[in-house]
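Please open the model in your viewer and keep the sequence beside it, since this tour moves from one selection to the next and says at each stop what is there.

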Amino acid sequence: MVTMRISHTKGRGKKIHLLIDDEYRITTDIDFWAEHYIKDGTEIDEEEWQALVDEINYKKAVSKCYDLLSRRDHSVKELRTKLLRTVDADNAERAIAHMQELGYLDDEKYADALLNYLMNSKNMSRSFIKQEMFKRGVPADIINNLLEDTEIDNVSSAKELILTKYRTKLQAENGREKVIAAMMRKGFSYSDVKTALEELEYGEE
C-alpha cells in the first residue's frame, strides 16, 4: 500500500495549510485541525487522505450555509447554486440536508414569507410575484399552491405602488403613459393600471 507523509503549517489568522510529502494540498482552519489533528510526519494512505479532504470540504460547505443564511433566507435551489460556486456537489447536498434537519432551510416557509414581502411590502402584481418566486428557486408546485390559496388584488397593489413610487412621475410630461408602461413591465395589466389610476384620480365609486 502506498502511503504519504502529512504535515501542516500555520497560515494567516486561523488558517491551517495541509501538506502531503511537503507539497501544499488544502487549507482548513485551526478549529477543524484541533478536532482532526494528525501529528506531522504521520504516514497515511490515499483513502485516509480523501476522507480527511472530504470532511474539510463538508465543513466549508456548512460554514458557507451559515454565512449565507445569516444574511437572508434562501430557497434550497438558490442556496445550492451559491454553494456549487466553491463546494463540490456531494458536500453541498450534505450541508443542505444538515440545514434542513436544523430547520434553517424550508422552501414552504421561505415561499410564504417571500409572498408576504412581495405582496405587502413591494406591492407586486400576481404575475410578477410568481415570476420573482420562480427566479429565487421556489419549486413551481409550492408557488402554484400558495398563489391558489392567496387573494391578490392587483388594482389595490397597483394603486399603492403608484402612490409610493410613481406619484411624482405622473406630474411630468407624458407622465400617465410612462407610469402605465412602467407598471405593465411589473406584470400589471393595462386594465388594472387604468382602473387604479381612475380610482386615484376620481375616487372609488
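Select Y37 to begin, in what is a predicted model, and look at how much of this residue reaches the surface: Y37 has a relative accessible area of 48%, so it counts as partly exposed, because that class covers values between 20% and 50%. Now add W33 to the selection, which is buried, with a relative accessible area of 4%. How far apart are the centres of the rings of W33 and Y37, and at what angle do their planes stand? The centres are 5.6 Å apart and the planes stand at 70°, so the pair is edge-to-face, given that planes over 60 degrees apart are placed in that class.

This is one of two aromatic pairs that the structure holds. For the other stop of this kind, select Y66 and Y104, whose ring centres lie 6.2 Å apart and whose planes make an angle of 65°, so that this pair, too, is edge-to-face. If you colour the model by helix, you will find Y66 in helix α2, while Y104 belongs to the loop between α4 (89-102) and α5 (107-121), so the pair ties together parts that are 38 residues apart in sequence. Y66 is partly exposed at 40% relative accessibility, and Y104 is likewise partly exposed, with a relative accessible area of 46%.

Staying with rings, turn next to charged side chains. Select R94 together with Y58, and you will see the charged end of R94 sitting over the ring of Y58, at 3.8 Å from its centre. Then select K77 and F134, where K77 lies over the face of F134, 5.8 Å from the ring centre.

Now switch to a cartoon view and find the sheet, which is open and has four strands in the order β3-β2-β1-β4, paired antiparallel. Which strands stand at the edges? They are β3 (23-29) and β4 (42-45), each of which has a single partner strand, so one side of each is left without a neighbour in the sheet. Looking along the sheet, you can follow a twist that averages 40° from one strand to the next.

Select residues 3-10 and 15-20 to bring out strands β1 and β2, which run antiparallel and are joined by five bridges; among the residues to inspect here is K10, whose bridge partner in β2 is I16. Finally, select residues 46-71, which form helix α2, and see how this helix packs on the sheet, touching β1, β2, β3 and β4, with its direction at about 40° to that of β3.

Note on methods. Residues numbered from 1 in each chain as written. Predicted model: local features only at pLDDT ≥ 70, side-chain atom pairs only at ≥ 80, totals over all residues. Heavy atoms only, no water. Pairing = 2+ DSSP bridges. Helix = DSSP H or I, 4+ residues; strand = E, 2+ residues; numbered from the N terminus. Axes fitted to C-alpha atoms, helices over the stretch in contact; angles between N-to-C directions. Contact = heavy atoms within 4.5 Å. Phe/Tyr/Trp six-rings, centres within 6.5 Å; stacked < 30°, edge-to-face > 60°. Buried < 20%, exposed > 50% of the residue type's maximum accessible area, 1.4 Å probe, protein only. Lys NZ or Arg CZ within 6 Å of the ring centre and 35° of its normal.
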